[in-house]
Amino acid sequence: MNLIDSNYKILGIIGGMHSCGIAYVDRGELKYCYEEERYSRTKYWQDFEADFFRYPLQSLNQLVYTHGVNLNEIDYFTTFLDYNFTKNMLLDTVGFDLPLEKYVRIEHHDAHCYSAYYLSGFRDDTLIMSLDGGGDNHAAKYYFGNYGDMFYIDGIDLQRKSLGHFYACLTELLGFKRLKDEGKVVGLAGHGKIWIELYNVWKDVIKIDDLRTELDPKPHFHGQYHQMYSAFYDLVGSGYWKTPQTLKDIAYTGQLILEEKVLEILEQLHVRYPNAKKIALAGGVFANVKLNKKINDLKWVDEVFIAPPMGDEGLALGCVLGTLKKLHIGFKPIKIDTMYLGAEYTEAEVLDSAKQELGNYNIKPFDCSYVADLLVDKKIIGLYQGRSEHGPRALGNRSIICDATHQETYDILNGKLKRNDFMPFAPAVLEEDANVLFQVDKSHHAAEFMTMLYDTQEEWADKLPTVTHPVDKTARIQIVKQVNNQWFWEILKEYKNRTGIGCLVNTSFNVHNEPIVNHPNEAFKHLRSGIIDYLVTPYGIFSLEN
């Protein structure tokens, strides 16, 4: 994807305990975005728990040895890490000695804001917000964007309470793991109701005053954790409280407080910049699709865009975009049309993996009609084609798909994937049917990357039980365009020809606690173990011999 006419080669690098990888732009063309966990097969939260700092070793090796990129020819290396650390990291991984004049540092939250704004396509007045647990001494930053330029407004430094840490505390209080299970909290919240006594205590744990939170009594979230836990246990006493409904009510109440605090900040920004009707968002907090819907529902908002790699996995790309802006003052937001920026494997590699992993198997030539017949027959299908997706959402190239119209599909898939997220699976829907099945009044672009909840049309809510939340009747949709993914679009179209419904379940191609599949070996292992019934590739449709 071309970002700008440029003469520069730029490499973005990130490393850390919970996100690691690279982004590479060659003379203005966005070429590769690799996430280290796809190669190491270790989820980032496991590194965090083990206090392990990962280098982007295999990501850099792919760049250098698979794609033949000469690091000496790269003009700029950009990261939020300091120079000495970056220099040592490159020496240790690929033996490259980084010259100081080629080093560009982009602050953590600035990188988030760059990714949100410069991928949005927004040229009009825009409010830009990054929000996460913390990075580079900040937990949030706000910018005003206008025709390609960003102007700093304010932020929340880490001496103050972090909304990201508030939600992390909520996650742990419910018995889940932070940096891993926040999505489960979002799903659980949809089944609860407000616990008013808890709400009255927790709403004062974080207060918003002129775009900022108050000071944390023990900086770097420990004081905030203590306040939340203490307030909760003072309220419930020593009685046993972990009943199924109580957990749902705690999730609902904590989610509500997060939403109210973020909306309060946005309303204050709106007062300052009343002509800004578009919002660009990034940072791990905006993986929270329930929050994103509340922002999108604000009456004064015309459109919301969330960076598809909204968490720290997107920082390498954000650093590259920030560096491009420094080099090219006229660089303006482009409307990103793809996240298929990861690894791709050849037909020979796919066929060789089938032999290695399966032994005996059946293979049929790829045929959309046959795939549609399998879907009508309620088969679970793995899709493996082209380049993998960058970010946390599978968008048809590393996806598991199936029929969305039968409730039993939800239980079958949950069992196969060892998943329990308390929420439905996401739907992929043809562009022409998006507003027929769902209420997509605005922020269509966000829906292409599965970063937003939308209401299901009333007449369809009970007809799509696998992808519609049973309580609030929302769905985290992916709009599939022919121009963006012809192959996936054709499968959806053929399925619609048989059923009249241009919608399928689309969930990421992985079992619980594993990264999304990368190498074809991993896809065939899912077929061999019975996670999927068929593996569909452009080179053939694979199944096990009976």
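Two strands count as paired here if DSSP finds at least two bridges between them. Keep that in mind for the close-ups below, which come from a predicted model.

**Figure 1. Five strands line up in an open sheet.** Going across, the order is S3-S2-S1-S4-S5, and the pairing is mixed. At the edges stand strand S3 (29–35) and strand S5 (103–105). Each of these two has a single partner strand, so one side of each is left without a neighbour in the sheet. From one strand to the next, the twist averages 20°.

**Figure 2. Strand S1 (residues 9–14) is mostly covered.** How many of its six residues are buried? Six of the six are. Look at which way they point: Lys9, Leu11 and Ile13 go one way from S1, while Ile10, Gly12 and Ile14 go the other way. Both sets are buried, and buried here means under 20% relative accessible area.

**Figure 3. S1 and S2 make a hairpin.** Six residues sit between the two strands. S1 and S2 run antiparallel and pair over six bridges. For a landmark, find Ile13 of S1, which stands opposite Ile22 in S2.

**Figure 4. S2 pairs with S3 too.** Strand S2 (residues 21–26) and S3 are antiparallel, again with six bridges. Ile22 turns up once more in this view, standing opposite Tyr34 in S3. So that you can place the residue in both views: Ile22 faces Ile13 on the S1 side and Tyr34 on the S3 side, and S3 is an edge strand with a single partner.

**Figure 5. S1 meets strand S4 (residues 76–79) in the parallel sense.** Three bridges hold this pairing in the count. Here the residue to find is Gly12, which stands opposite Thr78 in S4. Gly12 is one of the buried residues of S1.

**Figure 6. Helix H12 (residues 315–327) is mostly covered.** The helix has 13 residues and reaches 18 Å from its first C-alpha to its last, close to the 18 Å expected at 1.5 Å a residue. Of those 13 residues, 11 are buried. The buried ones include Leu315, Leu317, Val320, Leu321 and Leu324. Cys319, Thr323 and Lys325 are on the buried list as well, along with Ala316, Gly318 and Gly322.

**Figure 7. Arg41 and Asp210 each have a positive phi without being glycine.** Arg41 comes in at about 65°. You'll find Arg41 in the loop between helix H1 (36–40) and helix H2 (44–49). Its relative accessibility is 25%, so Arg41 counts as partly exposed. Asp210 has a phi of about 55° and lies in the loop between strand S9 (208–209) and strand S10 (212–213). With a relative accessible area of 45%, Asp210 is partly exposed.

**Figure 8. The second largest pocket has a volume of about 210 Å³.** Which residues are closest to its centre? Of the 15 that line the pocket, they are Gln407, Pro465, Thr468, His469 and Pro470. The lining divides into eight nonpolar, four polar and three charged residues. As for how such spaces are found, rolling a probe the size of a water molecule over the atoms shows where empty space is left.

Methods
Residues are numbered from 1 along each chain as its sequence is written. This is a predicted model: local features need pLDDT of at least 70, side-chain atom pairs count only at pLDDT 80 or more; totals for chains, interfaces and linings use all residues. Side-chain values use heavy atoms; hydrogens and water are left out. Helices (H or I, at least four residues) and strands (E, at least two) are DSSP runs, numbered from the N terminus. Buried means under 20% relative accessible area, exposed over 50%, partly exposed in between (1.4 Å probe, protein chains only). The expected span of a helix is 1.5 Å times one less than its number of residues. On a 1 Å grid over the protein atoms alone, a cavity is a set of points where a 1.4 Å probe fits but cannot get out, and a pocket is an open set with protein on both sides within 12 Å along at least five of seven lines; lining residues have an atom within 4 Å of a point. Grid points are joined across faces, edges and corners, and a volume is the space filled by probe spheres set on the points. Ala, Val, Leu, Ile, Met, Phe, Trp, Tyr, Cys and Pro count as nonpolar, Asp, Glu, Lys and Arg as charged, and the others, Gly among them, as polar. Axes are lines fitted to C-alpha atoms, for helices over the stretch in contact, and angles run from 0 to 180 degrees between N-to-C directions.
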